[in-house]
Amino acid sequence: ALSNNGSTELWRHELAYSTGDLFGFDINGNGSYEIVFFANKAMYGVTTKGTVFKILNLDVIDDWKPMISRTGRVTVEKSRYGAYLTTADTNGNGVEEFLIEEDFVDHVRISAIEVVSSLSTVYVDDNYNTSTPGWGYDHFNKIQDGIDAVDEGGTVYVYNGTYYENVVVNKRIDLIGEDKNNTIIDGNSLGNPLTINANYVNLSNFTLRNSGPGGDLIAGIYITSDHNRIHDCNIYNNEQGIVCWYTSHNYIENCSVWDSHQQGIGIGWNSHYIVVKNCYLYDNNAEDIKATNPSSHISIINNKIVNGGICIEDTSYCVIRNCTIHNAFGSKSSKGSISICYYIGSGHDNLVENNIIKNSHQYGIWIEKNRNNVIRNNIIENSSQAGIFIDLYSYNNYIYHNNFINNTIQAYD
């Protein structure tokens with residue numbers, strides 16, 4: 001087996017090669033030979049898919065040609081048993097770096113082998129097929145196949161197309177689409193178009209649509225892990241747009257969410273430190289953004305909401321700041337454009353500031369069974385019932401420096 005030499009290389013092994021023998025080398029210590037050599041023949045069998053080798057000081061010796069010495073990279077795709085070994089084009093110049101033909105080579109001496117890296121980037125295009133160079137190694141036509149192949153911490157780059165899949169991200173990767181309007185993951189009305197189970201996933205530039213029906217855990221993007229970033233995505237026609245469930249430190253930015261059958265963004269059941277920023281949510285069938293018991297430290301900042309509202313239910317230490325909320329219907333947002341309410345407990349210490357709330361079909365801001373909240377510097381205009389309504393069992397709430405304009409009742413306690 002090879003051993004780490006402690007340098008910037010990952011692996012290196014010095015080989016002495018003599019004719020008449022077979023050599024096998026277990027590169028990764030899994031008990032199998034990754035590289036097999038035959039004397040009087042060329043390098044003949046490779047059995048590990050997805051490993052990238054660098055060959056240093058490759059000497060090809062035969063009786064008919066002068067010795068050739070080269071260095072370069074060899075990309076291992078699959079086992080090759082036949083008359084020759086040929087490598088992939090590893091540097092993208094259109095030329096294969098090595099072609100060693102068994103029939104004409106008497107002797108191959110490799111003075112050093114180095115495992116350079118694992119598979120850090122793969123490419124997905126729904127037009128790729130078996131004739132595509134790199135097919136099945138770093139080129140795929142399904143997103144899930146790309147995720148399964150890439151290494152932890154790698155990148156899956158997806159070209160424009162419609163991918164009918166229920167993708168599961170179960171490792172730390174960057175999943176990047178070519179264009180958010182034209183790189184589409186369609187759930188085909190079955191389950192979640194995308195589920196994120198791993199931490200530190202970066203997702204960007206996708207449209208996610210057509211989840212399956214029913215249930216609080218069905219969404220265009222369903223997140224059960226921490227420290228993820230979702231940005232620059234379109235999410236529509238799903239049971240819910242995005243769901244964060246038992247998660248923390250997730251960041252949602254620059255996304256558009258519409259036509260959800262329930263909430264646009266649902267944050268629930270012990271989720272903490274979630275940020276929703278610079279998003280546009282409209283025409284969702286329930287609240288556009290809803291955080292539920294017993295979540296905390298939810299930041300809802302600089303979002304635009306049309307035909308819906310925000311509800312924080314049994315949550316504490318949340319911030320709703322610099323949002324514009326227009327035309328909220330009571331059935332879509334509890335009773336207010338912004339609702340601070342309860343379900344099985346009570347929330348406290350939330351901050352609502354610098355928002356513009358217009359044309360609410362019930363209340364601009366509704367507070368029920370909550371305490372120690374601060375409501376300040378908001379513009380609340382044209383609410384059909386009241387600009388702000390303080391309901392049952394609410395106390396120690398601080399309301400000041402708000403501008404009430406043309407509400408049926410400006411404020412009610």
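Select Cys 323 and Cys 279 to begin: the sulfur of Cys 323 lies 9.7 Å from that of Cys 279, the closest cysteine sulfur, which is too far for a bond. The model on display is a predicted one. With a relative accessible area of 1%, Cys 323 is buried.

Move next to Cys 341, which takes part in no disulfide; its nearest cysteine sulfur belongs to Cys 311 and is 3.5 Å away. Because a disulfide requires two cysteine sulfur atoms within 2.5 Å, the Cys 341 and Cys 311 pair at 3.5 Å does not qualify. Cys 341 is buried as well, at a relative accessible area of 3%. For the structure, the count comes to 0 disulfides.

**First sheet**

Now show the strands and select β12, β15, β18, β21, β24, β27, β30, β33, β37, β41 and β44. In that order, these 11 strands make up an open sheet with parallel pairing. Strand β12 (161–164) and strand β44 stand at its edges; each has a single partner strand, so one side of each is left without a neighbour in the sheet. From one strand to the next, the twist averages 10°.

Start at the β12 edge. Strands β12 and β15 run parallel and are joined by 4 bridges. To find the register, select Gly 161, whose bridge partner in β15 is Thr 183.

Remain on strand β15 (residues 183–186) and display its side chains. Thr 183 and Ile 185 point one way, Ile 184 and Asp 186 point the other way, and all are buried. Strand β15 also pairs in the parallel sense with strand β18 (residues 207–209), over 3 bridges. Here the residue to select is Ile 184, which has Thr 207 as its bridge partner in β18.

Further along the order, select strand β24 (residues 256–258) and strand β27 (residues 280–282). These two run parallel, with 3 bridges between them. Val 257 has Leu 281 as its bridge partner in β27.

**Second sheet**

Select β13, β16, β19, β22, β25, β28, β31, β34, β38, β42 and β45. This open sheet has 11 strands in the order just given, and its pairing is parallel. The edge positions belong to β13 (167–169) and β45 (409–412); each has a single partner strand, so one side of each is left without a neighbour in the sheet. The twist here averages 10° from one strand to the next.

At the β13 edge, strand β13 pairs in the parallel sense with strand β16 (residues 194–196) over 3 bridges. Centre the view on Val 169 to see its bridge partner in β16, Ile 196.

**Salt bridges**

Side chains of opposite charge can pair when their charged atoms come close. How many salt bridges does a search of the whole structure find? The search finds 7.

Select Arg 321 and Glu 353, which form a salt bridge with the closest N and O atoms 2.6 Å apart. Arg 321 lies in strand β32 (residues 319–321) and Glu 353 in strand β36 (residues 351–353), so the pair ties together parts that are 32 residues apart in sequence. Is Arg 321 buried, partly exposed or exposed? At 25% relative accessibility, Arg 321 counts as partly exposed, whereas Glu 353 is buried, with a relative accessible area of 8%.

Keep Glu 353 selected and add Arg 376. Glu 353 forms a salt bridge with Arg 376, and the closest N and O atoms are 2.8 Å apart. Glu 353 lies in strand β36 and Arg 376 in strand β40 (residues 374–376), so this pair ties together parts that are 23 residues apart in sequence. Arg 376 counts as partly exposed, at 25% relative accessibility.

Then select Glu 287, Lys 290 and Glu 313, which are linked in a network of salt bridges. Within it, the side chains of Lys 290 and Glu 287 meet at 3.9 Å, N to O. Lys 290 is buried, with a relative accessible area of 15%, and Glu 287 is also buried, at 7% relative accessibility.

**Surface patch**

For the last stop, turn on the surface and select Ile 356, Ile 379 and Ile 405. Together they make a nonpolar surface patch of about 180 Å². Ile 405 is found in strand β44 (residues 403–405), a strand at an edge of its sheet. At 30% relative accessibility, Ile 405 counts as partly exposed.

Key:
Residues are numbered from 1 along each chain as its sequence is written. This is a predicted model: local features need pLDDT of at least 70, side-chain atom pairs count only at pLDDT 80 or more; totals for chains, interfaces and linings use all residues. Side-chain values use heavy atoms; hydrogens and water are left out. Patches are made of residues with over 30% relative accessible area and no salt bridge: like charges are joined within 9 Å, nonpolar side chains (Val, Leu, Ile, Met, Phe, Trp, Tyr) within 5 Å. Accessible areas come from the Shrake-Rupley method with a 1.4 Å probe; for residues, only the protein chains shown count as cover. A salt bridge is a side-chain nitrogen of Lys or Arg within 4 Å of a carboxyl oxygen of Asp or Glu. Buried means under 20% relative accessible area, exposed over 50%, partly exposed in between (1.4 Å probe, protein chains only). Two strands pair if DSSP finds at least two bridges between them. Axes are lines fitted to C-alpha atoms, for helices over the stretch in contact, and angles run from 0 to 180 degrees between N-to-C directions.
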